[in-house]
Amino acid sequence: MSHTLSNLTVKVWRQDGPNAVGRFETHVIESITDEASFLEMLDVLNERLISQGKEAVVFDHDCREGICGTCSLMINGQAHGPQRATTTCQLHMRSFKSNDTIVIEPWRAGAFPIVKDLMVNRSAFDRIVESGGYITSPTGGAPDANLIPVPKPVADAAMDSAACIGCGACVAACPNGAANLFVGAKIAHLNLLPQGQAERYRRAEAMVDTMDEHFGSCTNHGECSAACPKEISLDVIALMNKDYRSAKFKNRKELSRN
Amino acid sequence: MTMLENRPTTNAKLNSKVPSGALSEKWDTFKANAKLVNPNNKRKFKVIVVGTGLAGASAAATLAELGYQVDAFTFHDSPRRAHSIAAQGGINAAKNYQGDGDSVSRLFTDTIKGGDFRSREANVYRLAQVSVNIIDQMVAQGVPFAREYGGLLDNRSFGGAQVSRTFYARGQTGQQLLLGAYQQLSRQIGLGGVRLFNRCELVDIVVIDGRAAGIVTRDLLTGQVTSHAAHAVVLATGGYGNVYFLSTNAMNCNVTAAWRAHRRGAYFANPCYTQIHPTCIPQADETQSKLTLMSESLRNDGRVWVPKNADETRPAHQIPEAERDYFLERLYPSYGNLAPRDISSRAAKRLVDKGQGVGPLKNGVYLDFSAAIARLGRNVVEERYGNLFEMYERIAGENPYDVPMRIYPATHYTMGGLWVDYELQTTIPGLYAAGEANFSDLGANRLGASALMQGLADGYFVLPYTISNGLAPLLNKSVPGVDHPEFKRVEAEARSRYEGYINVKGTRSPDYFHRELGKIIWDYCGMERDRNGLEKAISEIPALYDEFKKDLRVTGTGEGMNQTLEKAGRVDDFFQLGMLMCKDALAREESAGGHFRVEYQTDEGEAQRDDENFCHVAAWEWTGDANEATRHAEELSFETLQLATRSYK
């Protein structure tokens, strides 16, 4: 049954542009139902700001059902807030109590520059995928789908990794600002499947090298997996490292043949 | 309005260009006769693709693979965010891997029948034909579809079908298909075949000498308005379900691209055909910003019921079997809980309206898995629906393994859209529409698992053929560039439109107007419509629209990121579309699929079509005012199927 929360203090990060100096702005939400989602609480705040003639807080959001990966908030120092395996948009106010203070910040990582307020630029993720996060299969030439049997456990493991929504919580949670969980998840998805074998080592090398251009290095803290709303396992990083290491030998051998 | 005034005008622009010959041979005939562009000449052509969902990403990637220069636009930060990602249940294909009697013609028949005989037959047949290629393509790309232990693909059955032809990836089929298309698109971006413009919104279409010459965009980061010229423009910009404010669409889904094309001369077809999805989580409170859908696949194993007694107060598990009404099984014995979406939705609405609803606001019906858990075991149910159950618990705060889910219908998909011919070209030559943005394949109602199929069919297997047919005659002819005065004029118009929103300096936010507009449209042009309500809406919307123009408040400036300003532009277009929807619903004096006019129903409360007067597509022409749009018609004929009343009993 629903309850009403009262007297919430919200400290929200405001920053006018990528190079502007940021600051916390404090607002009090006098009352809100606990059935409201966290982003609906921000909607209420923004409606109030507009009615006061002030600029609304900019934040990224879209599907509001935890699948598009657009929303991205650091809530009380935790990526996507306190609830396990839950994106910010799926977090509900029932996770908070009356009189709580809630601190809201953008993702903070060198590779994700702030655009405005709580919005960051995550294009570095796209650059990594562009460098090799695919199986080359131009439209039209595919064989019948059942010609490539995929054992169920393999398909399931690939799906576990493919569930990544690309939100960037792993990077935001990492003390090094590393993207190993994101990249490992994509490499594991494609490298586990029979369809992905032809480009397996080329993919691992290209994606890791591009990752290294933008992101920090992994030192196995495991914060990424703890923060991941899709609970991607740390194992994917081990698989990525193994394939990257093998790639350094295999790709060199292949090059020497050319 | 009398019947006579409703008589549609015929119009030379509405030439569907369906190839002659037998239904099963039309697509082959088209491909055999289509003009081709030599591989070396393809790079001389620039194609703009707006939107990077299933239709847009697959079209952009394929066109670039063929060698065309492609510019792809998305208002998201990344192409992977497009709302196709939220589709849960699956994708249909006539593979007949289960050997249960499926075939191209059966998928065709089911889709035509599901669409209540209001779709274009030849397009639907082609859709069923290419459905098999889609699965091959997506598997080759590494989409991790569900598998049997032997490694072959698994299938399930879906609402409105008596065979198992739906391929799925847990409850995240849309996500996996979109990521497949996104990865293929990314490969082309990396190779330089596609230039990506992200956080960049289309604000107008430029038409020169009757042909689409390009688009005008607004960079959401800087507010800069820019022109882009091309030989062809593809709009793959999704549907307009957010006109209702509360829908299952993502917050940023909007009609602006399609609507601006409409205002430049593209006819808008069947705007009143909107789909209500039967299995969404009921609204919980007044701050609610959107509704969440629970995949229809849940109806495979969940049983839908309400208490027989409207005053029932006991929790679900204490209500004895004899006092439960499993109404879908009772009303539609052969389809039971898998009856099509419109039929299931209205059945739920009637019971909730009678006071038999469940939950604190009595605004839902139960979807109960206790029988499935007893029959299959909790593990199997978890395997099939685990992530959906978790999602439900997160939102509703109840565990569906223990208590039944509560569901209620919500707006989910729009079958109407830009009118296109067999080549997916709108009434503006050079302007194409694909996926949910067009109208052609799904008629008055979409069956489950066919939206993903249609988006990918258009992008992968239809547009690449039809676009070359359109471009070939333009080889070595010059087309207008962005320095053409018309580009400059449209740019200036767009700039002043956005400045205008800021300069109103009224008192109400764009969201306020959106919410109010949504209420009118939901009440009068939602799950059920009637003449009085529609006339009321048509008088109320312009009044609210006037208030919008006088009392809108957009804070901040036009330079730099301003989400309030973006929203104002989108709500403006929703107002105009909303009026056209109501006009279209009023003019269509019959019930068909998702368009249910209370006046036109059978004794049993089912949709009653009027094939004599309304077996046509209504295509609306912009005249400068949404209230004065002109209605044209494309007659529909059915070569192989008898027009029949749908029966799911």
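Contact here means heavy atoms within 4.5 Å. The exercises below concern a predicted model.

**Exercise 1.** State how many residues chain B and chain A each bring to their contact, and how much area is buried between them.

*Solution.* Begin with the residues: chain B contributes 81 and chain A contributes 79. Next, take the area, which is about 6300 Å², with carbon and sulfur atoms giving 50% of it. Finally, consider individual residues of chain B: Arg81(B), Arg147(B) and Arg394(B) supply 11% of the area that chain B buries against chain A, more than any other three residues.

**Exercise 2.** Describe the polar links across the interface and the helices of chain B that take part.

*Solution.* Count the salt bridges between chain B and chain A: there are 6. One of them joins Glu383(B) to Lys152(A), with the closest N and O atoms 3.0 Å apart. Then count the residue pairs in polar contact across the interface, of which 49 are found. Several helices of chain B each supply at least two residues to the side that touches chain A, among them helix 12 (378-396) and helix 7 (173-191). Helix 7 of chain B gives the most, with 10 residues.

**Exercise 3.** Determine whether helix 10 of chain B is mostly covered or exposed, and identify what its buried residues pack against.

*Solution.* Helix 10 of chain B spans residues 341-353. Apply the cut-off for burial, under 20% relative accessible area: 11 of the 13 residues are buried, including Ile343(B), Leu351(B) and Val352(B). The packing partners of these buried residues in chain B include strand 11 (274-280), helix 9 (327-331) and strand 15 (405-414). After the helix comes Gly355(B), with a positive phi near 95°.

Key. Residues are numbered from 1 along each chain as its sequence is written. Chains are lettered from A and ligands numbered from 1 in the order in which they are written. This is a predicted model: local features need pLDDT of at least 70, side-chain atom pairs count only at pLDDT 80 or more; totals for chains, interfaces and linings use all residues. Side-chain values use heavy atoms; hydrogens and water are left out. Buried area is the accessible area (1.4 Å probe) that two parts lose on being put together, summed over both. A salt bridge is a side-chain nitrogen of Lys or Arg within 4 Å of a carboxyl oxygen of Asp or Glu. A polar contact is a pair of N or O atoms within 3.5 Å; within protein, one must be able to donate a hydrogen and the other to accept it, and residues adjacent in sequence count only if both atoms are side-chain atoms. Helices (H or I, at least four residues) and strands (E, at least two) are DSSP runs, numbered from the N terminus. The expected span of a helix is 1.5 Å times one less than its number of residues. Buried means under 20% relative accessible area, exposed over 50%, partly exposed in between (1.4 Å probe, protein chains only).
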